[in-house]
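Me: I should like to go through this structure by asking what justifies each term applied to it. Please set each value against its criterion.

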Amino acid sequence: MICRTGLLWDSPLMFARLIEDCGACCEAVNPYMLASPFWRGRFVSVIVPTGFANPAYSNLLPALKAAEERIRRFVESGGRLLVFGAGCAREDAYDWLPFPVTYSFAYGPRAVRYTCESEYTSLFDGYDLAAVECDGSFPAHGGETLAVSASGEALLVGKAVGDGVVLVSSIHEYPSREFLKRFSCGDRETLF
């Protein structure tokens, strides 16, 4: 079993420590590395944290757009991609994903309900499902809705792309340890 995750952000994050505490090697990937055609990594999964599209927090969005083809190839070849909320109201925040996603920014607690059985809903394990902090929802998307708010807003979307999977979540919390252990580990790494 290989446990290796790429964490995309401008600078080191405490999130990396949580991933490592869950048993996976975590490599920080900054926007310069991501956008460079010369840099290559090998990962089981790649994570894009909350706030990636908000210029007050990160300069990651232009690099994500520049690496759109690389990201698509990574997922199609078996990689796992977890993307959190954009952290601001931008219509183009998810244009770099291999399927359409529309994001509505609205921070606050939401009651979470699962729409189907899925290994990916373990992302919410350990949280009080009556009041999970979220930074928005996904009113339109080309994936499968895995979790919704009490009012029916999509909070977790999944889509198989080639041999891999893309998850998009608006949870404004770290994913559960159990989820990270499973999501970050696999039988093989994929070139990124």
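Me: To begin with a loop residue, which residues does Thr115 touch, not counting those up to four places away in sequence?

Reply: The model is a predicted one. In it, Thr115 touches Thr145, Leu146, Ala147 and Val148, leaving out residues up to four places away in sequence. A contact requires heavy atoms within 4.5 Å. For Val148, the C-alpha atom lies 6.9 Å from that of Thr115, although 33 residues separate the two in sequence.

Me: What makes Thr115 a loop residue, and why is Thr115 called partly exposed?

Reply: Thr115 lies between the strands β7 (112-114) and β8 (132-141), in the loop that joins them. Its relative accessible area is 36%. Buried would require under 20% and exposed over 50%; Thr115, at 36%, is therefore partly exposed.

Me: Why does Met14 count as exposed?

Reply: The relative accessibility of Met14 is 61%. The threshold for exposed is over 50%, so Met14, at 61%, counts as exposed. Met14 is part of helix α1, residues 14-21. Its C-alpha atom is 26 Å from that of Ser104, which is 90 residues away along the chain.

Me: How do you know that the chain is as compact as a globular protein of that length?

Reply: The chain contains 5 helices and 13 strands. Its radius of gyration is 15 Å, and the globule rule gives 16 Å for 192 residues; the two values are close, so the chain is as compact as a globular protein of that length. Along the principal axes, the C-alpha trace spans about 45 × 35 × 30 Å. Of the 192 residues, 51% count as buried.

Me: What makes a set of residues a nonpolar core, and which members of the largest one touch the most other members?

Reply: The members must be buried residues of the nonpolar kinds, joined through side-chain atoms within 4.5 Å. The largest such core has 36 residues, and Phe52, Leu81, Tyr94 and Trp96 touch the most other members. Several elements each supply at least two residues, among them α3 (60-66), α4 (68-76) and β6 (101-110). The largest share, 4 residues, comes from α3.

Me: With which residues is Leu81 in contact, leaving aside neighbours within four places in sequence?

Reply: The contacts of Leu81 include Val46, Val48, Ile71, Val75, Trp96 and Phe183. A second, separate core of 27 residues includes Phe15, Ile47, Tyr120 and Val165.

How values were computed:
Residues numbered from 1 in each chain as written. Predicted model: local features only at pLDDT ≥ 70, side-chain atom pairs only at ≥ 80, totals over all residues. Heavy atoms only, no water. Buried < 20%, exposed > 50% of the residue type's maximum accessible area, 1.4 Å probe, protein only. Rg over C-alpha atoms; globule rule 2.2 N^0.38 Å.
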